[in-house]
Structures are given as structure tokens and as C-alpha cells.
Number of protein chains: 4
Amino acid sequence: MVIVMKLDSSPEQIENVNQRLQKHGFQMQTIHGVKRIVIGAVGDLESINISTLETMPGVEKVVRIMKPYKMVSREARGEDTVVQAGNVRIGGNKLAIIAGPCAVETEEQLYAAARAVKKSGATALRGGTYKPRTSPYSFQGLEEEGLRLLAAAGAETGLATVTEVIDAESMHTAEHYVDILQIGARNMQNFQLLRLAGQAKKPILLKRGLSATIEEWLMAAEYIVSSGNENVILCERGIRTFETSTRNTLDLSAVALVKTLTHLPVIADPSHATGKRELVASMSRAAVAAGADGLIIEVHPDPSAALCDGPQSLNPEEFDALMNTMRPLAAAMGRGI
Amino acid sequence: MVIVMKLDSSPEQIENVNQRLQKHGFQMQTIHGVKRIVIGAVGDLESINISTLETMPGVEKVVRIMKPYKMVSREARGEDTVVQAGNVRIGGNKLAIIAGPCAVETEEQLYAAARAVKKSGATALRGGTYKPRTSPYSFQGLEEEGLRLLAAAGAETGLATVTEVIDAESMHTAEHYVDILQIGARNMQNFQLLRLAGQAKKPILLKRGLSATIEEWLMAAEYIVSSGNENVILCERGIRTFETSTRNTLDLSAVALVKTLTHLPVIADPSHATGKRELVASMSRAAVAAGADGLIIEVHPDPSAALCDGPQSLNPEEFDALMNTMRPLAAAMGRGI
Amino acid sequence: MVIVMKLDSSPEQIENVNQRLQKHGFQMQTIHGVKRIVIGAVGDLESINISTLETMPGVEKVVRIMKPYKMVSREARGEDTVVQAGNVRIGGNKLAIIAGPCAVETEEQLYAAARAVKKSGATALRGGTYKPRTSPYSFQGLEEEGLRLLAAAGAETGLATVTEVIDAESMHTAEHYVDILQIGARNMQNFQLLRLAGQAKKPILLKRGLSATIEEWLMAAEYIVSSGNENVILCERGIRTFETSTRNTLDLSAVALVKTLTHLPVIADPSHATGKRELVASMSRAAVAAGADGLIIEVHPDPSAALCDGPQSLNPEEFDALMNTMRPLAAAMGRGI
Amino acid sequence: MVIVMKLDSSPEQIENVNQRLQKHGFQMQTIHGVKRIVIGAVGDLESINISTLETMPGVEKVVRIMKPYKMVSREARGEDTVVQAGNVRIGGNKLAIIAGPCAVETEEQLYAAARAVKKSGATALRGGTYKPRTSPYSFQGLEEEGLRLLAAAGAETGLATVTEVIDAESMHTAEHYVDILQIGARNMQNFQLLRLAGQAKKPILLKRGLSATIEEWLMAAEYIVSSGNENVILCERGIRTFETSTRNTLDLSAVALVKTLTHLPVIADPSHATGKRELVASMSRAAVAAGADGLIIEVHPDPSAALCDGPQSLNPEEFDALMNTMRPLAAAMGRGI
């Protein structure tokens, strides 16, 4: 940690800072700049509330040198984590392709989706059963009935299953039915939910928040891992920017960068990121070329009849065409599907 | 609702859209543009999933004309809502000044803060008891013990009390102790929590999410009101932008605009918005000049010893000086304190 | 400057960094952290290309401690700069109120605007004569003919005059006619224009770029001042964010913060920031309460006939009403108009 | 165009809007909604200042249906434009790979870069000669001397040449030496420069502005094309967002989307977008997978000695390795290099 003192800080103020640091077991070194005093401090950052140092008289700012996350960092573990969930392994050489409808609507719809995506090469089935909707007047999901359908469709096709959980109750229920529990973008900093996810017995798919920095996203993963669940899959799904032509802005440099910062697997969600069916195929390919370990894609047997997110859902033919272009691309990247 | 057809849409496609609309009870009118067909549709938007219209062949985009929120809109209620909470009324001519520490730490700290802010003219006492922290390694709050202290300090000083709730449990507990339940920025789209807030017996202080649009913020309020709780106070607390000199960017035009869109009271939080003690006074004054119905300000008896948010907390002398400049300003705005 | 070495940096790499710094006359001090080596370096930052230090093997990052701007900083000059332009002084106790139409359209329109704003208490007249328009198909301004009208209207009313310049030619022409030359948001990093502005004989009104950080804005002012023109007025006019309910987001904390970082005067433009007539009055008041030294407001005798920016222009009655509310507010802030 | 009237608009106000539209030759159709009147208007949008319609009493908002750009739109021209510049064709099946140093520094440096990138398969050579720098104290470029070196290095290696121009003078000079004139991100809305680019005899490489929407970017291209120069190459180079881990956020969905909106070729700049050497290769691959027609990449013979942008420059070995991974990827995308 580096403490930059104000131009006009007094010797007493500098002494006070040094004493505070000493009390917390830090070792200090003072750097006399041309105009300014800077204090380098080495010690256990967990032992001190850094931000209050900034309120001490004479202090201009405190610059943290070390990253705040630990267990999820590359420095904690050099090799890639591979998450096993049902029949699928996420983070290894093979790309994980998770596909299925935004929401589980009916048995017929779900089975049609499951069979279609399985046939085209998907490895897991997604389906929303507890839907966090921005309008209180929208369809809110089939809940446990949906979970039952999802588990059955997964069993029939051999696909691993994924559903979003939104609170303690849905998490405890879903844990019994599906292979992967998803925490959505709007709950990425719902710290109660993160802690519960740390106690869950299933892997967690953690979506990046709409306006979460990479550091905040990794800190959210740290919450889960430090609470006991090491099986976390990160998912980039677009961030909120000034550009409104796409629903969000898919941040693929985050995918590449996060792979250097953490050992956890990272996948991408081109459907929610773009909100536009016609961009899903290009962004799927771009994500894989950027180094993503997999994709999560919305596929609906009849997008124009979907109860949610129709405009961004592929139909089975479109998904099949996408998968056909994905194979040579994965091969060019030295990966399998 | 206006449906813009693609340049090359066929008569069949237009007919299909018209039939779909008709089935849902809409009345349609076709506008033949120079190059394009546009369909104006009048009817009950709740009866149809608008987004799936966009997936119909031949449709370029759908433009919604009406706002999606209803009960919280000015159109639903012309006069301003005044929320009564304990001894304080929020939304009327008098400004509500809520002040106190980021977190309840000790009895001594809380009482010192409560007495100081009361003396300087505050009308309510804030204090965090359940803290949503971005790091799992940070202080997480005193929970029910903190609530007891808060209620006692409120009773002694005659100040109404405010604390943040983060899940069902904290909400049910806090409801018994405090006058106003706060939903924080990171939970603004935690729809489960919003629904519970709609069933709570106390008014809700709803902070705007870091990257929430004004429309999403009002929809979050709609969740609460439509679930049964009409006493919602909106709070602008800064949005996330590219500018990093301040922690967030306080969006005061949102305060002014929201007052025209909703009948609910709107206050501002200059402490979290700026993250810098030296900007809190200017931004407090600016918020009131923009038309805010009140302020929520962090005050700590000794900011450099605070367990959280020290750098943005005023000490009692700074708060007192601010309140002295606030009175003539409020008067110039035709308001009291 | 602080150089953070990588976890696995070798003694040779550290030695190489030290030698490079020494060659440029820096004095170094090595801090041995728990896991990492950090080098504190003191010297003349202009003598070295800091960014290339980051490319040296073993270096993780370089943290700059000092601000990059000098002449415009508070450290260079403690007291406020007051810019004299024609009859108006900007930056002193009195607020500067600059008002007038987006574009000079006709003699009649301009004189009507000039007389109206003068009568209501404005101190300067704005009017666009060279218009940077986002569409090549829009009205582009009256150019020198407009400048002549502006100068004449200024002379008749005793108002100082302001117009935007967009290249060398318009700057050289406008310099002869008006009292203040404006550089627009889209040209804030047109460094050629900034350099020319440094050689101009008239004060410069420098608008903040749509996505310029405060540091970049002050660096743009540094360009002008370091090129020879000390008379720079900064103008906050809204930044681009994800929120689309207002045209831009007026960043009033930037106004308050910039007053602490620089001695230059700072004004605000509520018209361009909001793009909505109904928000101009509130945001004008909020800007003054935030500490702005003045305002620049669009006023048109007949906004619905304006050739540009009608939706955000006040008519003379609205402007007069605003000025009437501004006087008690300025008094409450200890300022005059 | 659709005009939405306010809830309480009067018949006179509706009549006034209709008359104004009629005067400009529009044909109108009134839609009576449940609560609101909406007017659909068909006609020549260039004949009316749409924004002033919004200021008419009773009007709530005006929704434009048609896109504001014409000549650059897909609707104006269905087939892809292929720009020929020196020996390189941009926009066809073959990817254009433009590589070279941020700035031309010396003959030795430039020739080393040119030979290296040629050998690895680049098709054009970039090199800055007029540098727009955010600090007035930074290296500003070799100007005409640099252009001479660039032209010579291009001639020797057979590479087409690209340099950035920043004003009329640099454009007129550079036109004689290089094959492609670049307009940088900070000048994307320097409309004077765009107009001059429209009269230039060389193709224009138009970078997207830091905070430019896709529509503004295409309007900037429209400026150039409508001024007479049809040879415009668009370049996505990252937008400014809240994320600070990368210098900018490379918006690859913009690349895919723009290809559907315009017939002009689109390339990507992973070097400026990320600002980090270690992300350049992944983002180059991702851009090609997203459908980009080419790349512009910074390569320097010795990045740690570079006068600018060292941290994001590849050295020749890194560039060669990247090109080796690019060939199978291009093949998988059905393209050549």
C-alpha cells in the first residue's frame, strides 16, 4: 500500500500516519519526492480499514497495490479449474455449449428445445424457472413445476441442466433438480445469495453484473469460493454503456483478461448481451475466438411465441447452422466441442 | 404501440402482424410511408408480449409509446405523495434531513452521532445494521443488536430511524425496530426483496441502482407499490459512469425529471454519490436546489475511526456548518427544514 | 511514481528498471512487500516516457502520483483566476449569466433575444455562427454575417458576446468580432484548435467533452494556457452515460471538484446537458448551488421556430422567471448576479 | 415520423401540429389511443426541423422511424463496398492486415517494423506522423519528414501506407505521400475535417469516437461520402465505459451490427481498444470471428523504447505468432489473408 501525503502535510501528520500503520503491524518506508512525501507500507491489509487512512489529516490518497481477491486469483492457483456438472466439464479443452429457452413454458416446448439442441451438439440445457422480471406485470416462471420438467428433459437427453435462482427458497429447491445454479446479473452483488451459493452443493454459474467492474465480478466469485463452493463458472453477458443499438455491450476483452486473472472457467452469453437474434451467431464465434470456455445461448422452438426474450432467441435451425460454423472455428482455436 | 415493418416486408407478413394484434384485442391503423409500412396499434399492452412481436417475420422494430409504470406515475396521481415515517414527513414543503453513520458500531458512537445530528437540525437518523459489503472480508454489521441501539437512539432523540435491509430475514426483523426500511442500490432489481417490501408495514427508501435507468428505477417502485405498500421514497445516489474522480456521478437532473414523472418523494445521497467528504456540502446544496425533498448524509463522530465509509463521512462540526448554509438556501427555494 | 514489479520478477529485471530510472536522473527506493517488490522513484517525469516503463520485463504496473497538469492546477496558483471579457468578469463573486439563441438566424431574432436577456439580467450574449452539426444535412450557421450581427447586438445592449469556433479560419475571423471564443465539447481534444486558442487574443470558453474525464478536461485547458492564453473558462455541459431520459448527464460534482483542482473559473450549461426545456431552470439553480461561477443558457424568442435546439431553449418569459428565482439563491450562496 | 401528443393536449394543439406538418408537405394519419393521440406523418424529413416539433404545445415526443443516414446505408447499396488503396483491397474476401508503429520515429525503426510486418503477412503499414497527444508536453510527431519515411518504407516493401491527419494542412500534405488517410477517434465529429476528407483523393479510415454511438459514427461517414469521397473504411477501436481494466471496451457487436447497416468495410483496432499487449492477439482473433474485414495492429521493433503506446505494441515475434494463428481462423471463417 502507498500513502500519498498532501503537499502541505505537516511532520506531525506524517508521524500520526506512521504510528497508525505501526500499530497494525505494518513496516513503513518514507519516500521524499520533489514536492511530496509518499509512504510505502508493507503488512497485512486485512488488519486495517484502508479507507479510513484516507480520512487522516494530511493524507491525499491511498493507493492499494495488491488485488483484493485471493482464492480465485491466478496467484492462488496456477492451473485452470475444470468444473464438473452432471455430464459436462467446463473449463477444459472442450467448449461447453449450454442452450435452451429463456423460460420453461410447457413440457412440449421444453422437450422440443432439449431434443433440438442436443441433436445439434449442445452439452447442457438451460431453462428459466424463477424469472426475475423488470416489470411486476410480466410472466414470472413455473417455479418447481418448471424444475421438474427441466430435470426430466435433462435426464431424457443426457444434457446437464442449468436454471437461475433468485433467493434462498429457489436455491434450496433448485439444488435438488438441476446440475448448475445460475446467479443472474442483477443479483451479482446480492451478497446474501452469494453466501448461500457458497454453501450449495451444485456448481454456480455467476453472471457479471450490468455495471460490475472485473474486480467486483471476481470479488463476487471470491464470496462464493470463500464460503465453501469452489465450483464457480464466470459468465460475461454484456455491460451497460451509452450504446443503445445493442441491449448491452458484450465485453470480450473482459473474457480474455479474466482468463489471465483467475483460474476459474469463463463463458459468454451472446443472447442477453446483444438482445438481437441476428447478432448471436457472430458474437458466439467472437467469444470462442476470444478464449471463452463455452457459451450459453437462448434457443426456442418458436421464438415468436416465446413468453420471454423472443427477439434474441434462435430457432433450432439457426442454432444448428451456428453449431456447424462453430466446429471448424473451435478446431482453429485448438479446442473441441 | 407502433410497429415498423422492414423495407422488404411482404403483404402476408403485414397481414400476420395485423392478425396477431387483432387476436389480442388491438385496433390497428396502417400508415404507408414513402418507403415503409408502419402499423399503429391501440389496446391493452398487458395482454400481449410485445417483445415477441419483434420476432415476427417482416417486423423491423416495435416502438412503445406508453410508459410501462402506472401506479407510481404522475398520470395516476397528480398531487405529491407525502410519506409519514415516525415523526418525519417526507415529500411536503419541509426538507427531510436524514443523517448518521454508515454503520452502527457501538452504543457510544451511535448516540454521539444521533445527538449531534439532532442538535444541528436533522429529522431522522440513519445507521447500517446489515451491511452489504463488496468484500467477504469486511465488517458485516451488528444486525439485531444494531437495530436495538438504533431504536433506542431514535427514541431518545425523537429522530425517525432508517436502516438498510438485505433479505427476508433482515426485513422482518428490522420492521419491528425502525421507521423506514432502506433497499440499497445493489438490490434495486432484487425483485424478491421488492415484493417483500410491498408487504412491509413500514415506508421504503428505494435507492437507485448504480446503472439503473430512470424507467427501471420507477418500475422497481412500481413493484413495491403494486405489491401493497404505497409509502415509497426514491433516493438518487449516483450512477456509474466513465468518470472515476468521484465514486459515482450524482445525477441531479434525474431528481428534477423524476419529480415530473412520479408523485413519490425524491431525496438525494451526496455521501455515497461522491465518496468524498469535501464534496458533500456542495452536492447537498445542489440537490436541494434541484428540487430534492430531502437528503441522506453520512455523519460519524470520528470519521477516521469509522468501520466503513470514513472518507465520505462528515464529522459533527462539518455537518453543523452544512446545516447552517442549508437554511437560507431552503428559504430561497421556498422550503423549510 | 511507483513501479510495481510482478510477483515472479527476477533480480535482473529489477536491476534493469533501476538502471533505466537512474539514466533519467531519478532517485529510487525499493520497498520489499510481503510478496512483491515496489520501487518508489522521484525525479522529473517529463524526462521519461512513463508508459514504456510498463513494457519492461518484470514490471506489472506503474502508478503515477503527481497530476499531469501544472499551470492550471491550484498548486500553481492558489487564488481564483477572474477572466475579464468585454464588460463581464467571470470567476469573481458575481455570477456570469450568458444567454442567447443556439444559432444566430436573423437580425430580428438575435436582437429580440439580446434585448430580452439583457432586460432579465444576463451579462453576456451567446449565438452560434459556425455550427458543428452531427448531420451534413442540417443548418450550418451564418458564419461572418452572423458574427457581424452578434457584435452589433452586443454593442447595442452592452452585453459581452460569445460564439463557438471550429477551425483556424473561424477562430481568426471570430476573434475580431466577439469577446469570448467557445471551443465545443466535440472539439475538446482537437489539439490543433487548442493550440490556436492558446495564441488567440480573446478568452476561451472550453466545454468539457462528452466523454472527457476531469483530468483530460484540465489537460485540454493546460494546452491552451501553456500555448500562451491564460484566460480560460471551463464549462460543464453534461457527459454521456447510459441514461437516455436526458440528452446528457449534467455532472455537477465535477463543478465542485474542479473548483478544488484548478484556479480557473467554471460555469455550467444546463441547456445542452439536459436537452429539455423543463429541466433548465432546476439545473441552473443546482449548478449555482454546486458552486458554478456562471451559466450559459439557450434563450430564443420563439423556440418552436428555432433552426436548432428548440426543445431545450427557454423563451424570454421562462428565462425571466428563472432569473427571478436565481437572485435569492445567489444571495443565499453569498454571491451577486 | 410519429408524434406522440400529451395526455391533456387540446384539439387546437393537435390541429396546430397537423397544420405545421401539412405546410411541409407531410401526409398525416391520427391514431386515437386509449389515453393518447398519436400522429403518424409521412414525408420528406429533410424539409422540416424535427426537433422544433417537440417544442410545440401539446407535443410529448417525436419518434423518428427512418435512420438519418442515407448514402452509407445498406438500403442505398446492397453489395459490399471494396476500397482499393495502393496494393490493398479492403472489404473483400481477403482480410486487410495493417500493422506498424504508433509513431514514425526514425528511418531505422520504421524500416525494421515495415520489413517485419511484411514478412509475417501484413498488407499495409501504419505509422503516425502527426500525433494528437493528450498532453502538450508529449512527443508530437515527425510530420512531413515522417511522411517521407513512410512513403519510402511502403515503396520498398510493397505495403500500402496509412497515417493519421489532424487538420487541413496535415491532410493536404499527407495526401501526397500515403495511400490511406486516417481520422482519429477524437476527431470523429470534427465536421470541418470530415468535409475536407470528402474532398481528399485518398481513401479515409474513420475511427469510431470514444463515446460515439453507431448512428453518430455512420453519420460521420455520411459527411465524408456526401462530400464526395466514397472510399471510407470504418474502424472500431473501443468505446469509453465504466470498466478501467482495459483502456477502452472493444465493441465487437458493433462490428457485426454495422456490417448489417452499411455497405462500407469495417476493421478493428485491438491495440488502442485494450491498451494491453497481452490482449491484442485474443482480440484480433475475436474481431475476425465477429466479421471484421481487417485489423490495424501496433507493432514496434522494440516496444520498451517506443516514443508512444509501447505498452500496447507487439514486437515482431509476437506479431508473427499472431499471424500464424490468424490463418486457420480466417480459413474457418471462409476468408483469406
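How much area is buried between chain A and chain D, and what percentage of it do carbon and sulfur atoms give? About 2,500 Å² is buried between these two chains, with carbon and sulfur atoms giving 75% of that area, where buried area is the accessible area (1.4 Å probe) that two parts lose on being put together, summed over both.

Before going on, I should say that this is a predicted model, in which local features need pLDDT of at least 70 and side-chain atom pairs count only at pLDDT 80 or more, while totals for chains, interfaces and linings use all residues. Residues are numbered from 1 along each chain as its sequence is written, chains are lettered from A in the order in which they are written, and side-chain values use heavy atoms, with hydrogens and water left out.

Chain A brings 33 residues to the contact, and chain D brings 33 residues, contact meaning heavy atoms within 4.5 Å. Between chain A and chain D there are 2 salt bridges, each a side-chain nitrogen of Lys or Arg within 4 Å of a carboxyl oxygen of Asp or Glu. In one salt bridge, the side chain of E243(A) meets that of R208(D), at 2.7 Å from N to O.

Let me turn to chains A and B. A turn of 180 degrees, with a shift of 0.0 Å along the axis, lays chain A on chain B with an RMSD of 0.1 Å, the copies being superposed by least squares on the C-alpha atoms of residues with pLDDT of at least 70 in both. That is the relation of a two-fold axis, and in chain A the C-alpha nearest the axis belongs to S211(A), 3.0 Å from it.
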